[in-house]
Amino acid sequence: QVQLVESGGGLVQPGGSLRLSCAASGRIVSINSMCWYRQAPGKQRELVEASTRGGITNYADSVKVRFTISRDNVLYMKMNSLKPEDTAVYYCKADVDEIVETKTYRGMAYWGKGTLVTVSS
């Protein structure tokens, strides 16, 4: 079983910054992609940015320039110039190839439990 653990959320004033982290653990053969989603109160979950074999792609126009993701063994998202509308639970999702017992399973999707970001004065 693969686990994703997010950290770095919290309360920040408008204009402030936070850096979120997502660490994957388990019998991982390879990580095909890692993404950040967010879900604001009363809204659907939306894809923010993704790191894939092809590079980094931004999906949410509202965070362009302000949010930047990077990845080594951990997925990060640096969030600058935060706005109240950025308030949401931020989730990490990974698409991995993993070993279960002696068999390799490809393209398995896992979610973290989320980390809450609150932007308020």
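Me: Is aspartate 61 buried or exposed?
Reply: The cut-offs come first: buried means under 20% relative accessible area, exposed means over 50%, and partly exposed is in between (1.4 Å probe, protein chains only). Aspartate 61 has a relative accessible area of 60%, so that residue is exposed.

Me: What kind of model is this?
Reply: Residues are numbered from 1 along each chain as its sequence is written, and side-chain values use heavy atoms, with hydrogens and water left out. Local features need pLDDT of at least 70, side-chain atom pairs count only at pLDDT 80 or more, and totals for chains, interfaces and linings use all residues; the model is predicted.

Me: Which residue forms a salt bridge with aspartate 61?
Reply: A salt bridge here is a side-chain nitrogen of Lys or Arg within 4 Å of a carboxyl oxygen of Asp or Glu. For aspartate 61, the closest N and O atoms of the pair are 3.4 Å apart. The partner is partly exposed, at 45% relative accessibility. Its name is lysine 64.

Me: How many salt bridges does the structure hold?
Reply: You've just met one, between aspartate 61 and lysine 64. Another joins the side chains of arginine 38 and glutamate 46, at 2.7 Å from N to O. The total for the structure is 5.

Me: Which residue forms a salt bridge with arginine 66?
Reply: The closest N and O atoms are 2.7 Å apart. Arginine 66 sits in the loop between strand 6 (55-58) and strand 7, while its partner sits in the loop between strand 8 and strand 9, 20 residues apart. At 1% relative accessibility the partner counts as buried, and its name is aspartate 86.

Me: Which residues are joined into one network by salt bridges that share partners?
Reply: Arginine 66, at 10% relative accessibility, counts as buried. Arginine 38 is buried as well, at 6%, but glutamate 46 is partly exposed at 32%. The network is made of Arg38, Glu46, Arg66 and Asp86.

Me: In what order do the 4 strands of the open sheet stand?
Reply: Strands are DSSP runs (E, at least two residues; helices are H or I, at least four), numbered from the N terminus, and two strands pair if DSSP finds at least two bridges between them. Strand 3 and strand 8 run antiparallel, joined by 6 bridges, and strand 7 pairs with strand 8 over 5 bridges, also antiparallel. The order is 1-3-8-7.

Me: Which strands stand at the edges of that sheet?
Reply: The sheet runs 1-3-8-7. An edge strand here has a single partner strand, so one side of it is left without a neighbour in the sheet. That fits strand 1 (3-7) and strand 7.

Me: Which residue in strand 8 is the bridge partner of threonine 68?
Reply: Strand 7 (residues 67-71) and strand 8 pair in the antiparallel sense, as a hairpin with 2 residues between them. Arginine 19 has a bridge partner in strand 8 too, and that partner is lysine 78. For threonine 68, the partner is likewise lysine 78.

Me: What is the torsion about the S-S bond of cysteine 22 and cysteine 92?
Reply: A disulfide is a pair of cysteine sulfur atoms within 2.5 Å, and these two sulfurs are 2.1 Å apart. Cysteine 22 lies in strand 3 (residues 18-25) and cysteine 92 in strand 9 (residues 88-100), so the pair ties together parts 70 residues apart in sequence. Both cysteines are buried. The disulfide is left-handed because the torsion is about -75 degrees.

Me: How far is the sulfur of cysteine 92 from that of cysteine 35?
Reply: Cysteine 35 counts as buried, at 11% relative accessibility. It is in no disulfide, and the nearest cysteine sulfur, that of cysteine 92, lies at a distance of 8.0 Å.

Me: Which residue's side chain does aspartate 97 join in a polar contact of 3.1 Å?
Reply: A polar contact is a pair of N or O atoms within 3.5 Å; within protein, one must be able to donate a hydrogen and the other to accept it, and residues adjacent in sequence count only if both atoms are side-chain atoms. Aspartate 97 lies in strand 9 and is buried, at 7% relative accessibility. A polar atom of its side chain is also 2.9 Å from the backbone nitrogen of glycine 107. The side-chain partner at 3.1 Å is asparagine 32.
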